[in-house]
Amino acid sequence: MKFVDEYRDPTRLKIQLAELRKMITRRWVIMDVCGGQTHGLLRHGIEQELEDVLDLVHGPGCPVCVTPAEAIDDAVELANRPDVIMTSFGDMLRVPGRRGSLLQARARGADIRIVYSPADSVQLAVREPEKQVIFFAVGFESTAPATALAVLQARQLGLKNFSLLANHVRVEPAMRAVMQLPGNRIQGMLAAGHVCTVTGYAHYSEFVNQFRVPVVVTGFEPMDLLAGLTRSVQLLESGEPQLCNEYSRSAQPEGNLHAQRLIDEVYCVATVPWRGFREIADGGLVMRPALQDFDARSRFGLAEALLSSDGECRSGDVMTGRIKPIECPLFGNACTPETPVGAPMVSSEGACSAYFRYARPIEVRT
Amino acid sequence: MSQISRQDDVPGCPIPSENDRERITLAYGEGGRLSRRMIRERILTRFSNDQLNQLGDAALLTTDSRQLAFSTDGYTVTPLFFPGGDIGKLAVFGTSNDLAVSGAIPRWLSLSLIIEEGLPWSVLDRVLDSIQAAAAVAKVSIVTGDTKVVPHGAADKLFITTSGVGEIREPAPPGPRSLQPDDVLIVSGPIGCHGAAILCAREKFDFDPLPNSDCASLIQPLISLYAARLTPRAVRDATRGGAAAVLQEWADASGLTCIINESAIPVADGVRGVCELLGLDPLNFANEGTFVLATPPELVESTLNLLRQHAVTNQAAVIGRVKPRQNNPVLVVRGIGREVVLDEPSGSPLPRIC
């Protein structure tokens, strides 16, 4: 399959891996920012292959994981209203809020549907004029253009029964927040290739200058991940904190201007609550007041979410790279993909889930 | 229901007219004249045989076999018709495949229909035609059955249950507890086609090429394996949960580890495309005409040669081996050559967000 096989070719992978290992003289600490990268590193065995020479830390880049429990409570509350059809992406349904997940709400009778695109929710609103259709929008700048487009479509169609429960977040402010944590150990960052495809990456030069760490725009296939790691190590070894792009087939310095205009038309930048950080300055996107008719919070009179404690769950420490998932006391015991406590165990992109799936040692039966 | 044709109704009569030509009404499930008429006109015309024609409470079966296999399965697929198959074909092949992988030659099936009030007769007829065609391919007789019509909303259009009895003629596969280290794991064809086809049909994804369900009878290749004394240690049709679920079960049952090589697993391009786009794994997708088998190394070549003579299994391939128990029950070798734990999904695979 084109655009897949060439990036998973075993011979090329082994050569690249050998080159990378040869280059390493110190145990560098490198953070991958995006959940898709965490997944790829573990699924293809790259992290396991390099664990003796590199310290790979998984950052806060799983949109499902950073969605606060309170936002899920809002979604559940709205979904329980008799005239509402709640729609969202598949893996959002399993994330537990304080009063259960959307999947559990559905089992109790709420009308909650998985869609594959926010545009499907708009179509649903057209087909079901008697119902209020809400799209529970989560994700980084890579999913925001699609939800923005849905709002603009709904406005063009004059729909009175479509709204967004928007919880979009922004990657770069989260990377800054990680770097500013006390005791931060991160020496290099793999930037999220798909988000950079939308936002561009030129603005990261300021980040590089401020924190003096290399940032390498990186894709998601095994060959992409190895290329991103190799470039990072090369920059670290030569002591040159620079901005590089190892995902040039998709990401360009200026990004996708059309997608950026869509985001800008519907959303403005705001300080929002984040699981694991309490809140991040400029860390999210909220809907512009002019579009409040399509904002579920405003339409249904919901208060802004306030954060409460995550209890014993140390997902905040995991997402900020302070501990590995297996160091959390709940990992694999109270917290498994079937009974997730923290969001990183829920989403297949979450660091805890990826560890449980691909790296977990289990007892040998004798 | 407004759509039901009532032009011939007697005013005030609560029972819809038997001239209702478009849709099935509750009256057809009441066991009276209309029920008998439905069975006479739609069931007996298609499935006539000595046992069924008796319309008794049970079919009497005669066999010389000392051992029989008995299996049952319920079919609730949505949509009823999908690329490569439909609920009727599925109901016949699903149950007869279960018998065949257990070492039996499928002979007799029961057919139970739960019909939602308002289902168009044309839909039922199309499904019954498909059952008739599939039963001929599988060489099974429908010998007993039941029909119910339930109120609108109490079922989703049409549910089918088939139970089947098969005769064991050759020694049956001893099952996964008999697996030995170094046994070879084989799949009979490209995996994940049914799950991908259903997902695309249900969600109306317009992929090109659109995945086709693999829904098919596996009886012929399996019976010829048994007859050629190539009986595997274990065979399972990899239905719900996909090939991954079979491997997990076998590893649990045998106390050994199954190691598979991702690049050796046949996957159709259309299925791969769906999986790559949605972040799903074909190993977890259901199959309805594909099995996994484990056999000793010395039988591998003859087994593959024989399977490749049958159209339905002509892409059979070795995908891995059984090994002494390691830290994990199922391992998969991906590109870089490292063994990684194969994930076991909880619940149905949910598409990833990005």
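In this predicted model, 42 residues of chain A are in contact with 23 residues of chain B, where contact means that C-beta atoms, placed from the backbone, lie within 7 Å. On the chain A side, the elements that give two or more residues are helices H1 (10–23), H2 (35–43), H3 (46–50), H4 (63–66) and H16 (351–358), together with strand E5 (132–139). Helices (H or I, at least four residues) and strands (E, at least two) are DSSP runs, numbered from the N terminus. H1(A) gives the most, with 4 residues. By residue class, this side of chain A divides into 20 nonpolar, 10 polar and 12 charged. Here Ala, Val, Leu, Ile, Met, Phe, Trp, Tyr, Cys and Pro count as nonpolar, Asp, Glu, Lys and Arg as charged, and the others, Gly among them, as polar.

A word on reading the model: residues are numbered from 1 along each chain as its sequence is written, while chains are lettered from A and ligands numbered from 1 in the order in which they are written. Because the model is predicted, local features need pLDDT of at least 70 and side-chain atom pairs count only at pLDDT 80 or more, whereas totals for chains, interfaces and linings use all residues.

Chain A has a mean pLDDT (the predictor's confidence in each residue, from 0 to 100) of 90, and 96% of its residues reach 70 or more. Over residues 362–366 of chain A the pLDDT is below 50, and this stretch has 6 contacts in the model beyond near neighbours in sequence. Where pLDDT is low, the predicted coordinates should not be read in detail.

Now to the sheets. Each chain has an open sheet to look for, and strands pair if DSSP finds at least two bridges between them.

| Sheet | Strand order | Pairing |
|---|---|---|
| Chain A, 5 strands | E2-E1-E7-E8-E9 | parallel |
| Chain B, 7 strands | E8-E10-E7-E11-E9-E12-E13 | mixed |

In the chain A sheet, E2 (55–61) and E9 (243–245) are the edge strands, each pairing on one side only. Strands E1 (residues 29–34) and E7 (residues 188–192) of chain A run parallel and are joined by 3 bridges; Met31(A) has Met189(A) as its bridge partner in E7(A). H2(A) lies across E1, E2, E7 and E8 (215–218) of chain A, at about 120° to E1(A). Such angles run from 0 to 180 degrees between N-to-C directions, with axes fitted to C-alpha atoms, for helices over the stretch in contact.

H16(A) is mostly covered, with 8 of its 8 residues buried, meaning that 20 or more other C-beta atoms lie within 10 Å of a residue's own, with C-beta atoms placed from the backbone. Its cover includes H2, E2 and H15 (315–319) of chain A, together with E13 (339–341) of chain B.

In the chain B sheet, E8 (234–237) and E13 stand at the edges with a single partner strand each, so one side of each is left without a neighbour in the sheet. E7 (residues 184–187) and E10 (residues 291–295) of chain B pair in the antiparallel sense over 4 bridges, and Ile186(B) has Leu293(B) as its bridge partner in E10(B). H3(B) packs on the sheet, touching E8 and E10 of chain B, and its direction makes about 175° with that of E8(B).

Finally, chain B is assigned domain 1 (26–168) and domain 2 (176–341), with bounds that come from an automatic or database domain assignment. In chain B, 21 residues of domain 1 are in contact with 22 residues of domain 2. H3(B) gives the most to the domain 1 side, with 9 residues.

Notes: Two residues are in contact if their C-beta atoms, placed from the backbone, lie within 7 Å. A residue is buried if 20 or more other C-beta atoms lie within 10 Å of its own, exposed if 12 or fewer, and partly exposed in between; C-beta atoms are placed from the backbone.
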